[in-house]
Amino acid sequence: MEKTLAIIKPDAMQAGNAFAILELITNHGFKIVRLAEKQLTAYQAEEFYAEHKGRPFLPELVTFMTSGPVVVVVLEKDNAILGWRDLMGATDPAQAHEGTVRKLFGTSKGNNATHGSDSQASAAREIAFFFDRA
Ligand code: ATP
Ligand code: MG
């Protein structure tokens, strides 16, 4: 069984969509093995998105990710990493397919409701970033 990290971002929390997103996740056969609410600091958000250091959108992304609480979740399923990326849909909700989380709950490329690890290396790093063990 593979594990991946999901984050319910501040826009989805603020809009009251956390439970609906978790329900969609479990309805698609993912097991929630860890779950925590966090208020990220700017330092944590920059470290978490270290791959985007120097990109023009990083300051906006950090401001957004620290604008309110998030829920961080470890999901488990066969092929969880790709499966969760598929269920989330494209980064830009306008490009996301019907039925995906970002189509249903995202409002813009920045405010796109959820995060998902994009590789096995990212999943391992991101799970360890938030949890001692998963
Ligand atoms: P995430 O890492 O949050 O799951 P992703 O892997 O689909 O999203 P990335 O390329 O890793 O997309 O970008 C991280 C986040 O930065 C995106 O979710 C989005 O909110 C924001 N972002 C990326 N590119 C842009 C952009 N050109 N303009 C504004 N925001 C952007
Ligand atoms: Mg990414």
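## Terms and Basis of the Model

Helices (H or I, at least four residues) and strands (E, at least two) are DSSP runs, numbered from the N terminus. By this scheme, N79 belongs to the loop that links strand 3 (70-77) to helix 5 (80-88).

The structure is a predicted model, in which local features need pLDDT of at least 70, side-chain atom pairs count only at pLDDT 80 or more, and totals for chains, interfaces and linings use all residues. Residues are numbered from 1 along each chain as its sequence is written, chains are lettered from A and ligands numbered from 1 in the order in which they are written, and side-chain values use heavy atoms, with hydrogens and water left out.

## The Ligand Site

Ligand 1 occupies the space of the largest pocket. A pocket is defined on a 1 Å grid over the protein atoms alone, as an open set of points where a 1.4 Å probe fits, with protein on both sides within 12 Å along at least five of seven lines. A molecule sits in such a pocket if more than half of its atoms lie within 2 Å of its grid points. There are 13 residues around ligand 1, of which K9, Y49, R85, T91 and N112 come nearest; a residue is near a molecule if one of its heavy atoms lies within 4 Å of it. The shell comprises three nonpolar, six polar and four charged residues. In this division, Ala, Val, Leu, Ile, Met, Phe, Trp, Tyr, Cys and Pro count as nonpolar, Asp, Glu, Lys and Arg as charged, and the others, Gly among them, as polar.

Several side chains make polar contacts with the ligand, a polar contact being a pair of N or O atoms within 3.5 Å; within protein, one must be able to donate a hydrogen and the other to accept it, and residues adjacent in sequence count only if both atoms are side-chain atoms. The side chain of Y49 places an N or O atom 2.8 Å from an oxygen atom of ligand 1. For H52, the corresponding distance from a side-chain N or O atom to an oxygen atom of ligand 1 is 2.9 Å. A polar side-chain atom of N112 lies 2.8 Å from an oxygen atom of the ligand. Taken alone, ligand 1 exposes 580 Å², and the protein buries 82% of that; these accessible areas come from the Shrake-Rupley method with a 1.4 Å probe.

## Strand 4 and Its Surroundings

A113 lies in the loop between helix 6 (101-105) and strand 4. Although A113 is not a glycine, it has a positive phi of about 75°. A113 counts as buried because its relative accessibility is 0%, where buried means under 20% relative accessible area, exposed over 50%, and partly exposed in between (1.4 Å probe, protein chains only). H115 is part of strand 4 (residues 114-116) and is also buried, at 7% relative accessible area.

The loop between strand 4 and helix 7 (120-130) holds S117, which is buried at a relative accessible area of 0%. E126 has a polar contact of 2.8 Å with the side chain of H115 through its own side chain, and one of 2.7 Å joins the side chains of E126 and S117. The side chain of S117 also reaches the backbone nitrogen of L5 at 3.2 Å. S119 lies in the loop between strand 4 and helix 7 as well; it is partly exposed, with a relative accessible area of 26%. The C-alpha atoms of S119 and L82 are 8.1 Å apart, although 37 residues separate them in sequence.

## Exposed Loop Positions

D78 is located in the loop between strand 3 and helix 5 and is exposed, with 54% relative accessible area. Its C-alpha atom is separated by 4.9 Å from that of M1, 77 residues away along the chain. N79 has a positive phi of about 50° without being a glycine, and is exposed at 56%.

H97, in the loop between helix 5 and helix 6, is exposed because its relative accessible area is 63%. H97 and D86 are eleven residues apart in sequence and 9.4 Å apart in space, C-alpha to C-alpha.

## A Partly Exposed Arginine

R55 occupies the loop between helix 3 (42-48) and helix 4 (58-65). Its relative accessibility of 41% makes R55 partly exposed. From R55 to D92 the C-alpha distance is 17 Å, with the two positions 37 residues apart in sequence numbering.

Definitions and conventions: 1 Å grid on protein atoms, 1.4 Å probe; cavity = no way out; pocket = protein on both sides within 12 Å on 5 of 7 lines; lining within 4 Å.
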